[in-house]
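Biologist: I would like to go through this model before planning any bench work. Please take my questions one at a time and show the reasoning.

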Amino acid sequence: MGSVAATVASMLFSGGCRSLAVPAAGRSLSISRTALRNHRNKNAPTWCCRSSHNSYNALATESEFSKTDSESLTASTSSDSFPKYDRLLPCPLQKTPPRVEHLVVSEGGPVLEHICKALELPPLYVKDLIQFGAVYYALVCPQPPPSATEEQIRVFKEVTEPSVLCQRASIKGKTVREAQKTFRITHADQFVEPGTYLRVHVHPKRFPRCYEIDWRSRIIAVAESYVVLDKPAGTSVGGTTDNIEESCATFATRALGLTAPLMTTHQIDNCTEGCVVLARTKEYCSVFHGKIRVKKVKKLYLALASSPMPTGIITHYMRPINMAPRLISEDFIKGWHMCQLEIQECRKVPWPTPAIQDKYRVEDCGWPYQDFAYECKINLLTGRTHQIRAQFAACRAPVIGDSMYMPAAIADMSNPGLNPFGKYKRDFSSESEKETAVVNWIAQHGKEPGVAIGLQACQISWDDNEHFYESGSPWWRC
């Protein structure tokens with residue numbers, strides 16, 4: 001694969017080919033990726049491709065669904081196990097399994113027409129996907145992963161043959177990496193030329209909670225340069241890779257009747273509620289990012305813990321891998337990121353009633369029901385992803401409703417030493433033994449929460465409290 005890239009880099013974009021005619025490709029390529037959750041299974045086919053003499057033949061996918069996802073399919077599914085497609089709206093109540101399709105265009109034309117015929121999807125459905133930001137393109141097909149088969153590599157070489165690519169005016173002067181960079185398709189009538197790579201997220205991640213919220217009532221402040229929102233749990237601040245439509249930024253923009261879309265300046269987890277600052281201009285978005293970098297922005301959180309926590313500063317070290325669950329260690333490990341938070345107070349409060357938990361769809365994660373929980377006020381000193389959730393679980397006081405980290409905390413309490421980075425970690429005789437222990441520890445974690453957990457961004461301020469905002473009461477006090 002390295003030699004192919006080197007050849008393309010040296011021959012394709014050097015400007016040596018003068019002919020700008022684009023040859024019609026003899027075949028079309030369809031690639032289907034399995035659900036992301038299978039990425040840890042080295043035996044699972046995560047990048048599958050086929051070539052077809054007719055680019056508009058029905059293209060079967062080889063996506064593998066978990067048992068839970070398979071059971072979530074409705075009775076109206078088609079013979080190839082995919083739901084009957086109509087429109088993305090209204091938002092479906094049932095969860096659909098992940099489906100991502102990868103295509104290479106063989107005949108130039110409108111992107112809508114190509115996707116509809118290649119994947120046998122209704123035009124209105126594909127238009128919705130494009131509006132949701134679920135369709136991407138690149139001028140050149142990305143390289144297959146190391147696990148690709150010989151056939152997959154053959155097809156990749158075929159569509160990236162230098163003699164073919166050097167005739168495409170659109171990629172002349174670009175490096176391989178530049179030509180393989182993906183961008184969102186923004187218009188249904190956007191023209192795609194032969195050789196263009198398309199990635200279609202046929203089943204975007206959905207956020208039905210967005211349609212249940214009175215968004216105007218969640219606005220805390222409207223300033224000339226920004227808006228402060230009391231974000232509801234179960235929503236995304238700025239959207240996901242495959243869904244920018246069902247987001248706080250989009251719905252807050254509509255609630256305020258703004259002509260220019262609001263922009264995200266920082267993130268909190270989908271399952272977390274509370275203060276979020278949305279910029280009204282690109283300039284202020286950059287300004288606020290700068291304030292975060294120089295630590296002029298202060299954030300306070302309320303966490304509803306299942307066990308009491310001591311006041312003071314708590315320090316852990318987080319594994320530098322951008323993947324959930326986030327693993328942390330009590331001991332310093334070279335290269336791991338320091339995580340610090342300060343618990344300013346911890347007070348005993350009533351455990352949320354089953355009725356309240358049902359109302360906010362808080363998941364039962366196996367922790368026994370108690371009379372009391374513990375509300376902790378936290379000054380977040382470092383802003384790592386899942387930091388509060390991971391640190392509280394490591395202290396055996398997981399956040400209520402946290403279906404990802406609470407199961408691991410329960411497992412660690414029932415089997416001390418299970419956590420290879422915890423207080424009672426074992427000594428390992430070899431690296432392979434430790435690696436096995438890490439894999440086993442990851443397996444103790446659950447899935448990401450669906451709606452709410454006991455975590456709220458209760459306060460945000462910047463410029464020495466010149467700008468100071470608080471959210472409403474957390475869900476467990478309602």
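Biologist: Is Asp-464 buried or exposed?

Modeller: Keep in mind that this is a predicted model. Asp-464 sits in the loop between β18 and β19 (467-470). Its relative accessible area is 81%, and the cut-off for the upper class is over 50%. Asp-464 is therefore exposed.

Biologist: What separation do the C-alpha atoms of Asp-464 and Lys-298 have?

Modeller: Along the chain, Asp-464 and Lys-298 are 166 residues apart. In space, the separation of their C-alpha atoms is 8.7 Å.

Biologist: Which residues does Ser-461 contact, leaving aside its neighbours within four places in sequence?

Modeller: Ser-461 belongs to strand β18 (residues 455-462). With a relative accessible area of 2%, Ser-461 is buried. Its side chain also has a polar contact of 3.1 Å with the side chain of Asn-465. Beyond its neighbours within four places, the residues in contact with Ser-461 are Lys-296, Val-297, Lys-298, His-467 and Phe-468.

Biologist: Why is helix α8 described as largely enclosed by the rest of the structure?

Modeller: The buried residues of α8 are Cys-248, Ala-249, Thr-250, Phe-251, Ala-252, Thr-253 and Leu-256. Among the elements that cover them are β9 (219-222), β10 (226-231) and β12 (273-279). Helix α8 (residues 248-256) counts as largely enclosed because the number of its nine residues that are buried is seven.

Biologist: Which residue follows α8, and what is its phi?

Modeller: The residue after α8 has a positive phi. It is Gly-257, with phi near 65°.

Biologist: Which residues touch the most other members of the largest nonpolar core?

Modeller: This core holds 35 residues. Elements giving two or more residues to it are β10, α8, β12, β13 (297-305), β16 (337-350), β17 (372-380), α11 and β18. The largest share, five residues, comes from α8. The members that touch the most others are Leu-278, Tyr-301, Leu-341, Ile-378, Ile-388 and Phe-392.

Biologist: What does Leu-341 touch, not counting residues up to four places away in sequence?

Modeller: Leu-341 is one of the core members with the most contacts to other members. Its partners include Gly-312, Ile-313 and Ile-314. The others are Ile-378, Asn-379, Leu-380, Leu-381, Gln-387, Ile-388, Gln-391 and Phe-392.

Biologist: How many residues are in the other core, which lies apart from it?

Modeller: Its members include Leu-119, Ala-134, Val-192 and Leu-198. The size of this other core is 24 residues.

Biologist: How far apart are the closest N and O atoms in the salt bridge of Glu-113 with Lys-117?

Modeller: Both residues lie in helix α3 (residues 111-119), four residues apart, about one turn of the helix. Glu-113 is partly exposed at 38% relative accessibility, and Lys-117 is partly exposed at 39%. The closest N and O atoms of the pair are 3.4 Å apart.

Biologist: Glu-448 forms a salt bridge with Arg-389; how many residues apart in sequence are the parts it ties together?

Modeller: In this pair the closest N and O atoms are 3.1 Å apart. Glu-448 lies in the loop between α13 (431-443) and β18, and Arg-389 in helix α11 (residues 387-394), so the parts tied together are 59 residues apart in sequence.

Biologist: Which residues are joined with Glu-448 into one salt-bridge network?

Modeller: The structure holds 19 salt bridges. One of them, between Glu-433 and Arg-426, has an N to O distance of 3.8 Å. Some salt bridges share partners, and the network that includes Glu-448 also has Asp-269, Arg-389 and Asp-402.

Biologist: How many disulfides does the structure hold?

Modeller: A disulfide is a covalent bond between the sulfur atoms of two cysteines. The sulfur of Cys-376 is 3.4 Å from its closest cysteine sulfur, in Cys-346, which is too far for a bond. For Cys-210 the closest cysteine sulfur is in Cys-248, at 6.4 Å, also too far. The number of disulfides is zero.

Key
Residues are numbered from 1 along each chain as its sequence is written. This is a predicted model: local features need pLDDT of at least 70, side-chain atom pairs count only at pLDDT 80 or more; totals for chains, interfaces and linings use all residues. Side-chain values use heavy atoms; hydrogens and water are left out. Buried means under 20% relative accessible area, exposed over 50%, partly exposed in between (1.4 Å probe, protein chains only). A polar contact is a pair of N or O atoms within 3.5 Å; within protein, one must be able to donate a hydrogen and the other to accept it, and residues adjacent in sequence count only if both atoms are side-chain atoms. Contact means heavy atoms within 4.5 Å. A salt bridge is a side-chain nitrogen of Lys or Arg within 4 Å of a carboxyl oxygen of Asp or Glu. A disulfide is a pair of cysteine sulfur atoms within 2.5 Å. A nonpolar core is a set of buried Ala, Val, Leu, Ile, Met, Phe, Trp, Tyr and Cys residues joined through side-chain atoms within 4.5 Å.
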